[in-house]
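Open the model and bring up the bound ligands. Begin with the one numbered second, then work outward to the rest of the fold.

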Amino acid sequence: MSAHGAAIPMTSRASRPLTGEAHVPGDKSISHRSLILGALSVGETRVTGLLEGQDVLDTAKAMRAFGAQVEKTGDTWHVHGVGVGGFAEPGSVIDCGNSGTGVRLIMGAMATSPITATFTGDASLNKRPMARVTDPLALFGARAYGRSGGRLPMTIIGAADPRPVRYTVPVPSAQVKSAVLLAGLNAPGETVVIEREATRDHSERMLAGFGATISTEVTDEGRIITLQGRPELKPQTIIVPRDPSSAAFPVCAALIVEGSDVLVPNIGLNPTRAGLFFTLQEMGADLTFENMREEGGEPVADLRARFSPDLKGIEVPAERAASMIDEYPVLSVVAAFAEGRTHMPGVKELRVKESDRIEAMATGLRAAGVTVEDGEDWWTVHGLGHGNVPGGVTAATHIDHRIAMSFLVLGLATQAPMTVDDGSPIATSFPIFEGLMGALGAQITRG
Ligand SMILES: O=C(O)C1=C[C@@H](OP(=O)(O)O)[C@@H](O)[C@H](O)C1
Ligand SMILES: C=C(OP(=O)(O)O)C(=O)O
């Protein structure tokens with residue numbers, strides 16, 4: 001990562017048709033949760049298809065620091081858990097690198113045990129807000145001491161005598177919801193989390209899979225999730241589905257590069273994650289779901305994306321934002337090649353990701369010749385249509401993998417090449433991006 005190592009500039013240029021199959025890595029959200037819930041169960045959890053991106057490797061390292069055994073043999077990750085309430089106090093600082101999901105979920109998982117841990121991250125993570133997690137953890141009885149503004153590095157003193165909580169999540173965030181649920185595991189009685197807008201539900205599904213008693217009631221108030229504390233979690237065998245957020249990059253690249261036809265097999269289409277694909281279809285994308293099936297209780301399909309010369313700008317419904325929150329940067333790239341305006345409201349959360357993603361994309365797109373307007377919680381891209389996006393500039397990626405990959409996709413169809421100042425963060429979520437895109441025919445080079 002650039003925070004720790006040298007920056008890796010990368011350049012993409014107009015490419016011949018992209019063709020073939022893109023086997024993207026395992027789902028990042030499900031990978032983190034497999035390791036954490038494996039560490040909190042008694043016995044051996046086996047995980048295949050785990051994303052071996054730096055974010056997830058940092059979570060694996062953290063689970064070892066809390067006393068679990070985590071190792072890989074062949075294609076399988078083995079997690080020997082210590083049970084709910086069994087975490088040991090780490091002997092050194094927990095470095096979660098670039099990962100908001102890692103640090104927030106692990107804080108939740110340790111906050112109701114009588115141990116103390118100090119967390120840090122890279123220059124990007126250390127700027128991100130943590131009070132959204134430490135506020136509800138304080139209700140359980142945990143104490144947090146961080147830098148001003150609730151930033152990392154931060155020490156959490158876990159509650160010795162935790163109380164269960166009832167908490168309404170004030171921002172649409174699966175990380176906050178999950179941190180509260182994980183803390184609730186070691187509190188006696190019922191912990192209740194209420195979310196007004198549905199966010200990704202992998203924690204709820206996986207907690208049920210590990211044998212916790214958890215239910216979700218959909219009401220006018222929102223989704224009311226009730227978890228019984230102090231279960232004995234049973235180890236599981238987990239096959240991690242492939243990540244729709246990573247699939248977004250080859251899919252969007254195929255839509256904008258003339259003559260392309262790309263198959264992206266085995267992508268999880270959990271409705272709390274699949275918003276981008278429906279949005280692209282509404283824009284007129286030639287994107288189809290083939291071989292629709294169910295695997296491990298999740299809808300799965302092979303995505304086929306073909307060059308789409310007649311994309312139209314649309315209004316993206318605000319209520320869809322949570323189901324595609326990580327995909328807005330690459331959606332803004334597709335929007336640049338559409339005719340007309342694409343308006344994206346209800347996306348304030350984009351400002352507190354690895355970077356301020358509205359600012360980062362708007363700045364690079366404007367430099368590349370695209371008109372972008374933005375406000376606190378919305379942005380609008382004025383599309384130029386296929387073949388009309390100038391490009392020819394260097395975009396700053398701000399230690400943000402999704403910004404780096406989005407501008408590299410942009411450059412595959414701009415008039416002049418696009419360079420990113422640092423592609424190294426791509427390894428946090430999609431370590432095989434360069435090779436996978438290159439095998440499809442994408443012209444992406446270092447330098
Ligand atoms: O729970 C998760 O695994 C994630 C939740 C989302 O973050 P927020 O909870 O901050 O919206 C998302 O952006 C992130 O990539 C992964
Ligand atoms: C926001 C993201 O991740 P995290 O919050 O885990 O850093 C992401 O992967 O786009």
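Arg402 reaches ligand 2 with a polar side-chain atom 2.6 Å from one of the ligand's oxygen atoms. That is a polar contact (a pair of N or O atoms within 3.5 Å; within protein, one must be able to donate a hydrogen and the other to accept it, and residues adjacent in sequence count only if both atoms are side-chain atoms). Asp326 also takes part, with a polar side-chain atom 3.3 Å from an oxygen atom of ligand 2. Asn98 uses its backbone instead: a polar atom there is 3.4 Å from a ligand 2 oxygen. On its own, ligand 2 has 300 Å² of accessible area, and the protein covers 99% of it. Such areas come from the Shrake-Rupley method with a 1.4 Å probe; for residues, only the protein chains shown count as cover.

This is a predicted model, in which local features need pLDDT of at least 70, side-chain atom pairs count only at pLDDT 80 or more, and totals for chains, interfaces and linings use all residues. Residues are numbered from 1 along each chain as its sequence is written, chains are lettered from A and ligands numbered from 1 in the order in which they are written, and side-chain values use heavy atoms, with hydrogens and water left out.

Which residues come nearest to ligand 2? They are Lys28, Thr101, Arg128, Glu354 and Arg402, out of 13 around the ligand. A residue belongs to such a shell if one of its heavy atoms lies within 4 Å of the molecule. By class, the ligand 2 shell holds seven charged residues, six polar and no nonpolar. Here Asp, Glu, Lys and Arg count as charged; Ala, Val, Leu, Ile, Met, Phe, Trp, Tyr, Cys and Pro as nonpolar; the others, Gly among them, as polar. Helix H3 (100-110) and helix H11 (401-410) each supply at least two residues of this shell. Helices (H or I, at least four residues) and strands (E, at least two) are DSSP runs, numbered from the N terminus.

Now turn to ligand 1. Its surroundings include Lys28, Thr101 and Asp326. Asp326 places a polar side-chain atom 2.6 Å from an oxygen atom of ligand 1. Ser29 does so at 2.7 Å. For Ser173, a side-chain N or O atom is 2.7 Å from a ligand 1 oxygen. Ligand 1 alone exposes 380 Å², of which the protein buries 95%. Helix H1 (28-39) and helix H5 (174-184) are the elements that give two or more residues to its shell. H1 has the largest share, with three residues. The ligand 1 shell divides into five charged, four polar and three nonpolar residues.

Asp243 sits in the loop between strand S14 (237-239) and H7. Among its contacts (heavy atoms within 4.5 Å) beyond four places in sequence are Asp27, Lys28 and Arg273. Why is Asp243 classed as buried? Its relative accessibility is 2%. Buried means under 20% relative accessible area, exposed over 50%, partly exposed in between (1.4 Å probe, protein chains only).

H7 (residues 244-256) leads to the core. The largest nonpolar core has 77 residues, and H7 gives the most to it, with nine. A nonpolar core is a set of buried Ala, Val, Leu, Ile, Met, Phe, Trp, Tyr and Cys residues joined through side-chain atoms within 4.5 Å. Leu280 and Tyr328 touch the most other members. Tyr328 has Val316, Met344, Leu350 and Trp379 among its contacts, not counting residues up to four places away. Apart from this core lies another, of 62 residues, including Ile106 and Met206.

Some loop details follow. Val370 lies between helix H10 (357-367) and strand S19 (371-375). Val370 counts as buried because its relative accessibility is 2%. Val370 touches Ala336, Leu365 and Val389, among others.

His398 and Ile399 deserve a look at the backbone. His398 is in the loop between strand S21 (394-395) and H11, and its phi is near 55°, positive in a residue other than glycine. Ile399 is found in the loop between S21 and H11, with a positive phi of about 55°. His398 is partly exposed at 46% relative accessible area, whereas Ile399 counts as buried at 17%. Finally, the peptide bond from Leu152 to Pro153 is cis, with omega near -5°. Pro153 belongs to strand S9 (residues 151-157).
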